[in-house]
Amino acid sequence: MTDLGPLLDSHCHLGAYDDPVAVMDSAAAANVSLVAVTESPEEFRRLKTRLGRRPTIEVALGLHPLRAASFRPADIARFFRCMPQTRWIGEVGLDFSQHGIATKKHQLRVFDIVLTEAQPGRHPLTVHSRGAETEVVNLLSQVQLPAVMHWYTGPLKLVDDALAAGLYFSVNPAMTRSKRFASFIANVPADRILLETDGPYAKTSGRPAQPTDLKSLANQLAIAWQVAPVDAAQTLRRNHDRLRSMAG
Ligand SMILES: [Zn+2]
């Protein structure tokens, strides 16, 4: 396979793999950098300590919506204390699917705090929106933060609103298997797309997706965009650089 140059996995639950260090090392060997998302400030602290300083890993600071009801004021305080230690926020967002609807009120409170208080740092956010796509797009368009809609499964008609709000979308190998992927990718300009695995939760070929899978995903995007794979990879890098430059 041609060398595509460096790629970025913008949403990977590195700490949830059986062997995070092995996943990280194989990603680094394949020239894939990672945004290692976390679900709580406690997990952020643990993962950072475990991994140490690595040039190809950014541990992101998260407050996962499905954990919102468990966050105490001390967790929120720790979230803001840790913020200077990272360049990415995630996983944050809302989940009003059957898995999350019971804690809707808690989620809205936590996400509102994140969006209001995250403003001064302007870190890029990687955002969960299952079943709450309208609310997430509305809230993000009000704050104008650099943000990525991760594994978007909402209605296509909301995509234009998200684009108008300046939002990006990260796509993963599991998404490419869905029927709606072709129309989704046709509706989002190439300059708003990033890659992700959402591994190990997202699967590919019957096993947890790995950052090394992103090469073939970049090749699939190249086909959809009708460009050479190296050009697709270049576009993805430019998108990431642009998003980063929006942040402080
Ligand atoms: Zn995730």
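Q: Helices (DSSP runs of H or I, at least four residues) and strands (runs of E, at least two) are numbered from the N terminus; where is Q144 found on that basis?
A: This is a predicted model, in which local features need pLDDT of at least 70 and side-chain atom pairs count only at pLDDT 80 or more, while totals for chains, interfaces and linings use all residues. Residues are numbered from 1 along each chain as its sequence is written, and side-chain values use heavy atoms, with hydrogens and water left out. Q144 is not part of a helix or strand, but is found in the loop between α5 (133-143) and β6.

Q: What is the phi of Q144, and is Q144 buried, partly exposed or exposed?
A: Most residues other than glycine have a negative phi. Q144 is not a glycine, yet its phi is positive, at about 55°. Buried stands for under 20% relative accessible area, exposed for over 50% and partly exposed for values in between, computed with a 1.4 Å probe on protein chains only. Because its relative accessibility is 46%, Q144 counts as partly exposed.

Q: Is Q226, which has a positive phi, buried or exposed?
A: Q226 is a residue other than glycine with phi near 55°, and it lies in the loop between α8 (214-225) and α9 (229-246). Since its relative accessible area is 74%, Q226 is exposed.

Q: Which residues does the UniProt annotation "binding site" cover, and what is the largest C-alpha distance in the set?
A: The annotation comes from an unreviewed UniProt entry and covers H128 and H150; UniProt positions follow the numbering used here, feature names are shortened, and annotations may be inferred rather than shown by experiment. Although the set is spread over 23 residues of sequence, H128 and H150 cluster in space, with a largest C-alpha distance of 5.8 Å.

Q: Is H128 buried or exposed?
A: H128 has its place in strand β5 (residues 125-128). Leaving aside neighbours within four places in sequence, H128 is in contact, meaning heavy atoms within 4.5 Å, with residues that include H64, E91, D95 and H150. Because its relative accessible area is 9%, H128 is buried.

Q: With which side chain does the side chain of H150 make a polar contact?
A: H150 lies in strand β6 (residues 147-150), and at 4% relative accessibility it counts as buried. Residues up to four places away in sequence not counted, H150 touches H11, H128, E196 and D198, among others. A polar contact is a pair of N or O atoms within 3.5 Å, where within protein one must be able to donate a hydrogen and the other to accept it, and residues adjacent in sequence count only if both atoms are side-chain atoms. At 3.3 Å, the side chain of H150 makes such a contact with the side chain of E91.

Q: What is the omega of the peptide bond from G90 to E91?
A: E91 has its place in strand β4 (residues 89-93), and H11 of strand β1 is among the residues in contact with it. Most peptide bonds are trans. The bond from G90 to E91 is cis, however, with omega near 15°.

Q: Which residue's backbone oxygen lies 2.6 Å from a polar atom of the side chain of T176?
A: T176 has its place in the loop between β7 (168-171) and α7 (181-187), and at 18% relative accessibility it counts as buried. Beyond four places in sequence, T176 touches F181, L217 and Q220, and the C-alpha atoms of T176 and Q220, 44 residues apart along the chain, are separated by 8.4 Å. The backbone oxygen in question belongs to P173.
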